[in-house]
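Dear colleague,

Please find below the structure that I am handing over to you, together with its sequence. My findings follow directly after it.

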Amino acid sequence: MNIILDTLIFGMQKNGGVAVYWNEMFKRFLKDDNNTLYILGLEKGYINIEFLQQSISGFDGNPEKGNNLQIIRNSEPQIKKKISKPTIFQSTYLRVSHKKNIINVVTVHDFIYQLFPESVFNNANKLKVLLNDYQKRKAFRAVAGIVCISENTKRDLLKIYPFVSKTKIRVIHNAASEDYYPLRNKSFPRKFSVLNGKKYILYVGGRSGYKNFDFIIKVIKKMNNLSCVFIGDDLNQEEILKIGKKINCFYHYKDVPNSELNILYNNAYCFIFPSLYEGFGIPILEAMKTKCPVIAFNNSSIPEVMRGTGIMLENNDLDGCIEALNKLDDSKFRQALVEKEYDESNYFSWDKTYLEYIEFYQTILKGKQYG
């Protein structure tokens, strides 16, 4: 099977969830000798993932040239190779090729631009929201296959773009890195020494808009002797004002590698995920794999990831969250909770995700109906 991949997402994101996703997928594409792989690289300086720069150097491919990524991302992929037989083109973004014998497949992660435009750009650039909608419509009409990362994403797709045929869609779930697992020795490295003896909740990811970090602030202000460790950008002035006198209860770390984040999950009192919408929610699965209790809201794809485990609340149920935090002091309740989380986390794996992609490509090439 011939497969063409672009590397666009690695120029667009450094540590974002979609870049993490394609990082895992590229590792497997590059190791699989059963297919002929052709890679559209980016010019030197664009790609942000070091391993990828090294790994793709020996593969048949060509750099996509352009003055900037905005031009590349909004233009047709620059496939110079002669395509003599049906070939899958899988873009890491929303691009399609009209070259003869190319069969296009796109992956859809979420519909933040369509459902929460004010969260994405704070109304500062509505043109980007319109452009994303245009790119999606254009891609969905041209592709032979659409991968949705959750059943909820599929439902959103069919609701927002009802012209899309269900037969084009395949749900292939995300996974989480094998770097996350329960530790026997949970000692903190020196950089986290301030956390020794601290009872903390862990927060991972972006904090604006629908990510709902304000809920975490409310929880910390309600609870005595509970801190928050958050990973990502530092607090902004608005957040600092909301936190007020509890500012010393917040501990910030940035650019934390998986090995260190695994330690933070393992030592956390719990992981709270207050998002109001997710295409999948990989941090939930990371926590489950480390036997860290998860508290999240019952919306979008989150029930698919938690698979009946953890503690799910209605959106912004502060009293319910406080009650859940207190219940976690019960060692028997806590142990039963995390064991079930851990068991269900094994349903997902990147190897499984990759194999389902390959099977989907094969089905498309054979011209069978799917969905």
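In this predicted model, strand E9 (residues 227–231) pairs with E10 in the parallel sense, over four bridges. One of the residues involved is Val229, whose bridge partner in E10 is Tyr251. The two strands belong to an open, parallel sheet of six strands, arranged in the order E10-E9-E8-E11-E12-E13. Strand E10 (250–253) and strand E13 (311–313) stand at its edges; each has a single partner strand, so one side of each is left without a neighbour in the sheet. On average, neighbouring strands are turned by 25° against each other, direction ignored. Helix H11 (residues 258–267) lies across strand E8 (200–204), E9 and strand E11 (270–273), and runs at about 140° to E8.

Turning to the interior, the largest nonpolar core comprises 61 residues, and those with the most contacts inside it are Trp22, Phe29, Leu202, Leu264, Phe271 and Ile284. Another core, of 30 residues, lies apart from it and includes Ile216, Met223, Cys270 and Leu318. Leaving aside neighbours within four places in sequence, the contacts of Trp22 include Ile9, Phe10, Phe29, His109 and Tyr357.

As regards cysteines, a search of the whole structure finds zero disulfides. Cys270 is in none, and its nearest cysteine sulfur, that of Cys292, is 6.5 Å away. That distance is too far for a bond, because a disulfide requires the two sulfur atoms to be within 2.5 Å. Both residues are nevertheless buried: Cys270 has a relative accessible area of 0%, and Cys292 has 1% relative accessibility.

The count of salt bridges comes to 16. In one of them, Arg95 pairs with Asp6, with the closest N and O atoms 3.0 Å apart. Arg95 lies in the loop between strand E4 (87–90) and strand E5 (102–108), whereas Asp6 is in strand E1 (residues 2–6), so the pair ties together parts that are 89 residues apart in sequence. Both Arg95 and Asp6 are buried, and with Glu64 they are linked in a network of salt bridges.

A further salt bridge joins Glu24 to Arg28, the closest N and O atoms being 3.0 Å apart. These residues are four apart in helix H2 (residues 17–31), which means that about one helical turn separates them. Glu344 forms a salt bridge with Arg307, at 2.8 Å between the closest N and O atoms. Glu344 counts as partly exposed at 23% relative accessibility, as does Arg307 at 31%.

Yours sincerely

Methods:
Residues numbered from 1 in each chain as written. Predicted model: local features only at pLDDT ≥ 70, side-chain atom pairs only at ≥ 80, totals over all residues. Heavy atoms only, no water. Buried < 20%, exposed > 50% of the residue type's maximum accessible area, 1.4 Å probe, protein only. Pairing = 2+ DSSP bridges. Axes fitted to C-alpha atoms, helices over the stretch in contact; angles between N-to-C directions. Contact = heavy atoms within 4.5 Å. Core = buried A, V, L, I, M, F, W, Y, C linked by side-chain atoms within 4.5 Å. Salt bridge = Lys/Arg side-chain N within 4 Å of Asp/Glu carboxyl O.
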